[in-house]
Amino acid sequence: MKFNFDKIVDREGTNCIKYDLREQFFVTNDVIPMWVADMDFDVPPCVTEAIIKRAQHKIYGYTLKSESYFQSIINWVKKRHNWDIKKEWISSSPGVVSAVTMSVMAFTNPGDKIIVQTPVYFPFFTSIKNMGRELVNNQLLLKDGKYSIDFDDLEKKINDNAKMLILCSPHNPVGRVWTKQELQKIGEMCVKKNVVIISDEIHSDLILKNNKHTPVASISKQISDRTLTLIAPSKTFNIAGLSTSVVISSSNDLLSKYNNILDTIHIGFGNIFGLESLKAAYSSGEEWLEQLIDYVQNNVKFVYDFISGKMPRIKVIKPEATYLIWLDCRDLNLTDDELTNFFVKEAKVGLNLGNTFGKGGEGFMRMNIACPRSIVLKALERIKTAYVSRFE
Ligand SMILES: Cc1ncc(COP(=O)(O)O)c(C=O)c1O
């Protein structure tokens, strides 16, 4: 391996949420943090070099997005996902969640129904509820360790005058990479009833072996023209703190409504270091990403083998994408408060409690394994010790 993902990087004291907010979130610093979705790996060297190079010119004033910035996005999306997009389709946002909220503002009115598919990334709930829209849930189905979409329920909810669907593709936290067939079905249902699709594809570069991500908008012109796709280098290259995300739509109408909100709030400029990092990562970060995916894949296998072999009452939902593992802890027969106590106080690991992801998350935990394997092992050993003393 050219890049060293085994290296332990001390993040404490850098004001990073994952480490430095433990006391506030878990009421103790004494947990291995496996919650917030960023990675404990150094970013690709090309990103650091781009930031340093730009920093050396010592004026950081208002800046345009360069031709090479747009080209790097177009090339990346084509190369990784075989999707042809045009420069005119591209807009921006500091974050993907801010793009979701701006989309809610741009395409719906107070009281409108917006569909999500729980258990799902919980800030979607805030984007909907705080804007005074109605959250409608099309809960995912779980059968034999695999999640799927309840299409009958989705159709009912789309027919019941929904205005928007916030799709999480690939899905956090359940780890599904939706197939082209599934996405086509969703897309066609939405087109038929004129429902706008906001497709959060922030995890689309972190696809594990034998899976293929399809941008929902790449399936047909009709679907593309009803969709706003949100991507970012933030998860992929561990640069969430640079607040740089990309919004894509072939629809002039959708994009101009979105841009109207973006311009009104006046946050379309982006930030210089984020723009340079995006360009560097998308142009020169692919080799690093391939090795990262291999490393994450091996971490997933490691966790799966360890837990299945030693803690059979916890079931690992095998992720098809992301570095987040969804643990089915329902056989432990604990309430969610007891589950939190078990992991935080007895095992001393800091995971996300499943019920924060909405209906269907009760009795689950989400574990972020984007850290050196030695840390993963240490966390698993801690969980096993607590498990043995309580359940065996
Ligand atoms: C599905 C999903 N969307 C969005 C985000 C966050 O995006 P941002 O920080 O760009 O708002 C995350 C972070 O974990 C995520 O998992």
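## Helix H13: length and cover

Start with a ruler check on helix H13, residues 286–310: at 1.5 Å a residue, its 25 residues should span 36 Å, and the end C-alpha atoms are indeed 36 Å apart, so the two agree. Bear in mind throughout that this is a predicted model.

Which residues of H13 are buried? The list runs Trp288, Leu292, Tyr295, Val296, Asn299, Val300, Val303 and Ile307. As for what sits over them, the cover includes two strands, E11 (315–317) and E12 (324–328), along with helix H15 (373–391).

## Helix H12: mostly covered

H12 (residues 272–284) gets the ruler treatment too. With 13 residues, H12 reaches 18 Å from its first C-alpha to its last, close to the 18 Å expected at 1.5 Å a residue. H12 is mostly covered, with 10 of its 13 residues buried. Those buried residues are Phe273, Gly274, Leu275, Glu276, Ser277, Leu278, Lys279, Ala280, Ala281 and Tyr282, and the elements covering them include H3, helix H4 (67–81) and helix H10 (233–237).

Now for one of those partners. Helix H3 (residues 45–56) crosses H12 at roughly 145°, and the two axes come within 8 Å. The crossing is right-handed. On the H3 side, Cys46, Val47, Ala50, Ile51 and Arg54 make the contact, meeting Ile272, Phe273, Glu276, Ser277, Lys279, Ala280, Ala281 and Ser284 of H12. Sorted by class, the contact of H3 with H12 has eight nonpolar, two polar and three charged residues.

## H5 against H11

How are H5 and H11 oriented to each other? Helix H5 (residues 96–107) packs against helix H11 (residues 252–265) at an angle of about 115°, and their axes are 9 Å apart. Angles of 65 to 115 degrees count as roughly perpendicular, so H5 and H11 are roughly perpendicular to each other. H5 passes H11 in a right-handed crossing.

At the contact, H5 puts in Met102, Ser103, Met105, Ala106 and Phe107, which meet Lys257, Tyr258, Asn260, Ile261 and Leu262 in H11. By class, that gives seven nonpolar, two polar and one charged residues for H5 with H11.

## H7 alongside H8

Helix H7 (residues 151–159) and helix H8 (residues 180–192) pack at about 20°, with 10 Å between their axes. That makes H7 roughly parallel to H8, since angles under 35 degrees count that way. Here again the crossing, H7 passing H8, is right-handed.

Which residues make the contact between H7 and H8? Phe151, Leu154, Glu155 and Ile158 come from H7, and they meet Lys185, Met189 and Cys190 in H8. The class tally for H7 with H8 is five nonpolar, no polar and two charged residues.

## Two cis prolines

Next, the backbone. A cis peptide bond joins Thr118 and Pro119, with omega about 0°. Pro119 is in the loop between strand E3 (113–116) and helix H6 (123–129).

There's also a cis bond between Asn172 and Pro173, where omega is about 15°. Where does Pro173 lie? Look in the loop that runs between strand E7 (162–168) and H8.

## Asparagines with positive phi

Asn15 isn't a glycine, yet it has a positive phi of about 65°. Asn15 belongs to the segment before H1. Is Asn15 buried or exposed? It has 10 other C-beta atoms within 10 Å, so Asn15 is exposed; the cut-off for exposed is 12 or fewer.

Asn194 likewise has a positive phi of about 65° without being a glycine. Its place is the loop between H8 and strand E8 (196–200). Asn194 is exposed because it has 10 other C-beta atoms within 10 Å.

## Leu21, between H1 and H2

Leu21 is in the loop between helix H1 (17–20) and helix H2 (22–26). Leu21 has 16 C-beta neighbours inside 10 Å, so it counts as partly exposed: buried would take 20 or more, and exposed 12 or fewer.

Pro33 is 12 residues from Leu21 in sequence, and their C-alpha atoms are 9.8 Å apart in space.

Technical notes
Residues numbered from 1 in each chain as written. Predicted model: local features only at pLDDT ≥ 70, side-chain atom pairs only at ≥ 80, totals over all residues. Helix = DSSP H or I, 4+ residues; strand = E, 2+ residues; numbered from the N terminus. Expected span 1.5 Å × (residues − 1). Contact = placed C-beta atoms within 7 Å. Axes fitted to C-alpha atoms, helices over the stretch in contact; angles between N-to-C directions. Parallel < 35°, antiparallel > 145°, perpendicular 65-115°, else oblique. Left-handed = near helix turned anticlockwise from the far one by under 90°. Nonpolar A, V, L, I, M, F, W, Y, C, P; charged D, E, K, R; others polar.
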